[in-house]
Amino acid sequence: LQRELEDIPGIVLNKAGAAFYSTISIDFSVFAKFRSTEEFALTFLREENVNIIPGNLFGKDNFFRIVNCASRKDLQEFCNRFKKFCSRYSLNKKFAEILTGQNLSLIHI
């Protein structure tokens with residue numbers, strides 16, 4: 001996950017340690033369309049059909065959780081969809097647009 005997500009401006013994958021989940025920090029100055037992780041997560045679910053857990057449910061609104069025990073295939077699919085999603089909403093103009101247009105099935109991360 002680290003290699004897949006490290007090039008996304010405004011996103012930082014926090015090391016999981018021994019947990020079954022990882023947290024991903026979000027810099028809202030890069031994703032100014034969103035006012036909360038809940039709004040980010042709901043839009044991600046609607047557009048990419050991937051469920052992530054917003055940090056506001058845990059008392060902080062600067063991160064969200066993903067599950068590490070998903071299959072490698074699902075984690076790779078998450079990374080592909082997440083990069084595509086972030087490329088649409090990033091204010092960082094150097095962040096390359098990633099191809100869209102796939103028929104996407106629901107995955108829970």
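Here are some short exercises, each with a worked solution, on the predicted model shown above.

**Exercise 1: the overall layout**

Task: Find how many helices and strands the protein chain has, and in which pattern they follow one another.

Solution:
- Start by counting: the protein chain holds three helices and six strands.
- Next, walk along the sequence, where the pattern reads α-β-β-α-β-β-β-α-β.
- Then look at burial: 41% of the 109 residues in the protein chain count as buried.
- Finally, take the contacts with a separation of 6 or more; 59% of these come from residues 24 or more positions apart.

**Exercise 2: the open sheet**

Task: Work out in which order four strands form an open sheet, and which of them stand at the edges.

Solution:
- Begin with β2 and β5, which are antiparallel and share five bridges. Within this pairing, Ser22 faces Ile66 of β5.
- Now add strand β4 (residues 53-54), which runs antiparallel to β5 and is joined to it by two bridges. Here Pro54 has Phe64 of β5 as its bridge partner.
- Put together, the order of the open sheet is β1-β2-β5-β4, with antiparallel pairing.
- The edges are β1 and β4: each has a single partner strand, so one side of each lacks a neighbour in the sheet.

**Exercise 3: the nonpolar core**

Task: Find how many residues the largest nonpolar core has, and which element gives the most to it.

Solution:
- The largest nonpolar core contains 22 residues. Ile11, Ile24, Phe31, Phe40, Ile52, Phe78 and Phe82 are the ones with the most contacts inside it.
- Five elements can be listed as suppliers of at least two residues each: β1 (11-14), β2 (21-26), α2 (37-48), β5 (63-67) and α3.
- Among the suppliers, α3 gives the most, with six residues.
- A general tendency fits here: in soluble globular proteins, nonpolar side chains tend to be buried together.
- Zoom in on Phe31. Leaving aside residues up to four places away in sequence, Phe31 touches Ile8, Pro9, Gly10, Ile11, Ile26, Phe40, Cys86, Tyr89 and Ser90.

**Exercise 4: rings that pair**

Task: Describe how Phe85 and Tyr89 are arranged, and which cluster ring pairs build.

Solution:
- The structure holds 14 aromatic pairs. In one of them, Phe85 and Tyr89 lie 5.0 Å apart centre to centre with 50° between the planes, a tilted pair.
- Why are these two separated by about one helical turn? Because Phe85 and Tyr89 are four residues apart in helix α3.
- Both Phe85 and Tyr89 are buried.
- Follow the ring pairs further and you reach a cluster made of Phe31, Phe34, Phe40, Phe44, Phe64, Phe78, Phe82, Phe85 and Tyr89.

**Exercise 5: two arginines**

Task: Find where Arg81 is and what its side chain contacts, then find which rings Arg65 lies over.

Solution:
- Locate Arg81 first: it belongs to helix α3 (residues 72-89).
- Is Arg81 buried or exposed? With a relative accessible area of 3%, Arg81 falls under the 20% cut-off, so it counts as buried.
- Check its polar neighbours: a polar atom of the Arg81 side chain is 2.9 Å from the backbone oxygen of Glu48. The Arg81 side chain also makes a polar contact of 2.8 Å with the side chain of Glu77.
- Turn to Arg65, which lies over the face of Tyr21, 3.8 Å from the ring centre. The charged end of Arg65 also sits over the ring of Phe58, at 3.9 Å from its centre.

Key
Residues are numbered from 1 along each chain as its sequence is written. This is a predicted model: local features need pLDDT of at least 70, side-chain atom pairs count only at pLDDT 80 or more; totals for chains, interfaces and linings use all residues. Side-chain values use heavy atoms; hydrogens and water are left out. Buried means under 20% relative accessible area, exposed over 50%, partly exposed in between (1.4 Å probe, protein chains only). A polar contact is a pair of N or O atoms within 3.5 Å; within protein, one must be able to donate a hydrogen and the other to accept it, and residues adjacent in sequence count only if both atoms are side-chain atoms. Rings of Phe, Tyr and Trp (its six-membered ring) pair if their centres lie within 6.5 Å; planes under 30 degrees apart count as stacked, over 60 as edge-to-face and the rest as tilted. A charge sits over a ring if NZ of Lys or CZ of Arg is within 6 Å of the ring centre and within 35 degrees of the ring normal. A nonpolar core is a set of buried Ala, Val, Leu, Ile, Met, Phe, Trp, Tyr and Cys residues joined through side-chain atoms within 4.5 Å. Contact means heavy atoms within 4.5 Å. Two strands pair if DSSP finds at least two bridges between them.
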